[in-house]
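User: Please take a close look at a single strand in this model and explain how it fits into the rest of the chain. I am in my first year, so give the cut-offs for the terms.

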Amino acid sequence: MATRILLAVIFVGVPAIAEQVRSGNPRAVEIHIAPDGNDANPGTAASPFATLQRARDATRRRKRAGGMTGPVEIILRQGTYHIEETLVLEPEDSGTREMPITWRAALDDTVVLSGGRKITGVWRNGDGNTWYVDVPETRGWKENRDEPETYAPRPAGPWHFRQLFVNEQRAIRARFPNADAKNPFLYASGGSLAHVELPEGQVKAGWQDQPDAQINIVAAWRFFNQWNDVAGVDAGDSILHLGERERHGKIIPGNWFWIEGVRSELDQPGEWYLAPGEGRLYYVAEEGQNPNGMEIIAPCLNRIVYLKGDVEAGTQVEHVYFKGLAFRHTTFTLGHIEARVHTDAAVMLENASNCHVEGCHFENIGGYALWLHLDSQKNVVRGNTVLNSGGGGVLMTGSRLSYMDDTKVYTPGKAAAEVAPILNEVTHNTVKHCGKLRYYGGGVHMDSRPASMAMMPGNYIAHNHFQDLSRNGIFAFRNQGGSVVEYNHIHDCMQTTIDGACIHFATMNRLNAPNYIVNNYLHDIWGFEQMPDGKPKRKLANGVFLDWDTSNTTVKHNYIYNAGGQPVKTIWQNWGLSVADNHSANERIEPPFLDEAGPEGTATHGIRPADLRRTGRVLHYTDRDFVTLEGDWQPVTIDGASGLFRFRFLKARPDASAKATFRLPIDEPGSYLVCLCYKPLAGNASNTRLKVTHAEGEDNRKWDLRQGNEHGFAAEVGTYRFDPKQPALVTVSNEGADGFVVADSVAFVKTQER
Ligand SMILES: [Ca+2]
């Protein structure tokens with residue numbers, strides 16, 4: 001009773017004078033939530049709240065009243081919470097290092113935060129083993145195929161779902177061919193971004209006019225899948241017309257897929273179909289099985305927890321911990337802007353730092369377990385388990401997803417463009433049987449950083465166990481440096497795609513901070529290209545893959561066996577690789593560090609990402625504080641590398657005077673490597689005048705802009721000593737040039753102290 005009075009006082013704004021002594025932390029203030037609680041209660045152990053929002057608001061009020069005198073523990077009691085609205089925590093919901101705010105399960109209690117709702121109606125037996133139940137909340141839903149579906153804190157309009165969990169197993173949405181068919185796929189005979197052609201007679205007229213039918217197709221290059229709406233059916237010509245959403249890859253002969261969400265294909269035990277018009281759900285049971293009495297749950301919410309800092313305002317959510325909670329039944333959305341980076345997640349940290357997610361369980365969710373976005377640093381993701389999910393473990397993203405294309409900006413804004421998650425720790429996690437809905441993903445997927453961050457530290461990924469994944473175990477893409485990947489156990493990955501690896505790095509930069517991939521145990525890396533005869537072919541699946549000019553990366557002491565491709569594969573023009581002492585075989589081998597690989601181990605090489613930072617910068621001609629232009633320059637934008645890159649630069653004709661001066665912002669004296677970054681083109685000058693002004697004088701050179709790195713990555717000019725007290729300039733001019741002179745980017749990176 002004393003507790004109740006105390007908390008009741010706190011909630012009207014008077015600071016606490018004594019703290020409870022019941023939890024693991026003797027100084028912590030406790031706030032309690034229970035599935036049978038009530039938000040009118042005071043939130044004590046005896047009279048708990050019902051909702052997470054109520055506990056957040058109580059904590060907020062307490063903080064505003066100056067009552068934050070110790071850590072806060074928000075304790076969720078045993079049971080399943082069907083979350084109707086995303087728990088959004090903003091900067092004002094932060095704790096501090098000394099006084100964190102912890103959301104945790106009561107000791108020994110199983111606490112499930114479900115983004116789904118139970119199907120509670122009475123199932124009636126229809127035709128044969130087909131049962132149906134009325135779900136009135138779904139009646140009247142209409143698909144808008146023109147708009148991408150996005151996260152909403154509280155979904156508006158009639159309820160609709162594309163996943164169904166029957167006794168906690170993902171059931172099969174009515175599809176063709178059936179999932180257990182000898183050959184469970186259809187194979188395109190041709191197509192485009194907008195349509196699929198099939199061999200004559202394979203398109204059924206019954207697929208026409210479905211309110212929500214899609215194909216799940218592995219398009220074009222066969223390393224990702226996309227969910228395309230079936231907007232029209234032409235049975236006569238054997239063509240499916242696709243909606244506007246997710247036209248990521250062109251459909252080419254051999255691309256495999258199935259169609260689902262089709263009523264006439266509800267024909268196999270375990271299949272279900274939702275008819276939005278009638279508000280009725282159908283399920284085909286096994287012989288003798290009755291869905292009444294089975295636990296049937298459909299997802300409703302896309303994101304259960306959202307830590308929402310504001311990148312443009314420079315605010316963060318900090319020191320919020322989640323411990324021992326289970327997250328289940330989130331939705332997956334259609335219309336993602338990039339096939340490689342799918343953006344559904346049960347828990348999202350956006351501009352959130354020093355937060356922890358520990359000992360949590362994620363199962364049967366639509367996308368990733370966790371998504372760290374923008375300037376999210378020093379978070380700890382430790383000891384979690386992720387099972388049977390649509391996506392994978394942890395996604396990390398900057399504002400721009402995947403390749404450098406302005407249509408792929410997830411979060412627009414000036415500040416957003418300059419940040420990405422770094423210095424996070426992802427350790428001792430288990431991710432198994434994932435990538436069920438979105439194939440491009442993995443245990444950890446670190447997506448594009450801005451070029452300006454390539455020399456920054458990365459993330460620490462160690463002692464994880466990743467098993468049975470649609471694609472990579474760990475992926476680091478574009479401008480990723482400074483990461484340490486050690487003592488992970490990764491196997492049975494690349495299960496539904498090709499051209500990846502257990503550990504796949506594509507730094508797409510030659511000046512990135514060093515990465516270390518050491519003492520990992522990697523095996524059974526399959527690679528999967530489905531052939532029309534129904535048999536898959538193993539292809540392009542590696543132990544470690546250093547893709548796209550990956551540079552400054554050490555790959556050592558890894559044990560690798562049974563790779564469909566190479567144990568360690570490097571492609572393009574890598575710089576500064578150290579690949580040594582890796583052990584590989586076709587048959588099982590065991591590393592001497594077997595007991596240390598995976599979540600039970602504790603070993604470390606002691607290499608800290610924070611120490612891997614390099615000193616330097618890449619200056620683009622648009623960095624006008626550092627670049628002076630004289631004469632007649634014309635802006636140019638061209639695409640290269642099959643449209644995967646866009647180059648933006650200035651060019652000057654040889655017959656008019658033009659000069660570009662890059663002033664290098666040198667903060668520390670020392671030796672620096674100077675590079676030019678540009679796309680080599682045939683019409684360029686072979687004799688561009690290049691001058692480097694350094695601490696010891698000038699270096700006058702002739703530079704051949706027809707040669708260089710075909711992807712526009714750094715080309716080495718030389719190493720020079722610079723001093724902050726003396727001019728540090730790189731000048732290009734077209735005096736006497738025999739072709740176009742280009743002003744694109746100049747890079748410098750420190751190599752020695754003096
Ligand atoms: Ca079927």
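Analyst: The answer below starts with strand 5 and then moves outward to the sheets, the cores and the whole chain.

This is a predicted model: local features need pLDDT of at least 70, side-chain atom pairs count only at pLDDT 80 or more, and totals for chains, interfaces and linings use all residues. Residues are numbered from 1 along each chain as its sequence is written.

Strand 5 covers residues 101–105. Helices (H or I, at least four residues) and strands (E, at least two) are DSSP runs, numbered from the N terminus. Five of the five residues in strand 5 are buried. Here a residue is buried if 20 or more other C-beta atoms lie within 10 Å of its own, exposed if 12 or fewer, and partly exposed in between, with C-beta atoms placed from the backbone. The burial applies to both faces of strand 5: Ile101, Trp103 and Ala105 lie on one side, Thr102 and Arg104 on the other.

Strand 5 has a parallel pairing with strand 2 (residues 72–76), made over five bridges. Two strands pair if DSSP finds at least two bridges between them. Within this pairing, Ile101 is the bridge partner of Val72. Strand 5 is also joined to strand 26 (residues 320–323), in parallel, by four bridges. There Thr102 stands opposite Tyr321.

Other strands of the chain form sheets as well. One open sheet has ten strands with parallel pairing, in the order 4-24-28-32-35-38-41-44-49-52. Its edge strands, strand 4 (87–89) and strand 52 (568–570), each pair on one side only. From one strand to the next the twist averages 15°; such angles run from 0 to 180 degrees between N-to-C directions, with axes fitted as lines to C-alpha atoms, for helices over the stretch in contact. Inside this sheet, strand 41 (residues 472–477) and strand 44 (residues 500–506) share four bridges, and Ala476 has Phe505 as its bridge partner.

An open sheet of three strands, in the order 57-58-65, has antiparallel pairing. Strand 57 (634–640) and strand 65 (741–743) each have a single partner strand, so one side of each is left without a neighbour in the sheet. Three bridges join strand 58 (residues 645–652) to strand 65, where Ala652 stands opposite Val741.

Next come the cores. A nonpolar core is a set of buried Ala, Val, Leu, Ile, Met, Phe, Trp, Tyr and Cys residues joined through C-beta atoms within 7 Å. The largest has 150 residues, and Leu307, Val347, Ala369, Leu370, Val394 and Ile503 touch the most other members. Beyond its neighbours within four places in sequence, Leu307 is in contact (C-beta atoms, placed from the backbone, within 7 Å) with residues including Leu89, Val317 and Val320. Another core, of 55 residues, lies apart from it and includes Leu374, Val419, Ala454 and Val730.

Finally, the whole chain. The protein chain has two helices and 66 strands, and 52% of its 754 residues count as buried. Its C-alpha atoms fill a box of roughly 85 × 80 × 55 Å along the principal axes. Among contacts between residues at least 6 apart in sequence, 78% join residues at least 24 apart. The mean pLDDT, the predictor's confidence in each residue from 0 to 100, is 94, and 96% of residues reach 70 or more. Over residues 1–23 the pLDDT is below 50.

Definitions and conventions
Contact = placed C-beta atoms within 7 Å.
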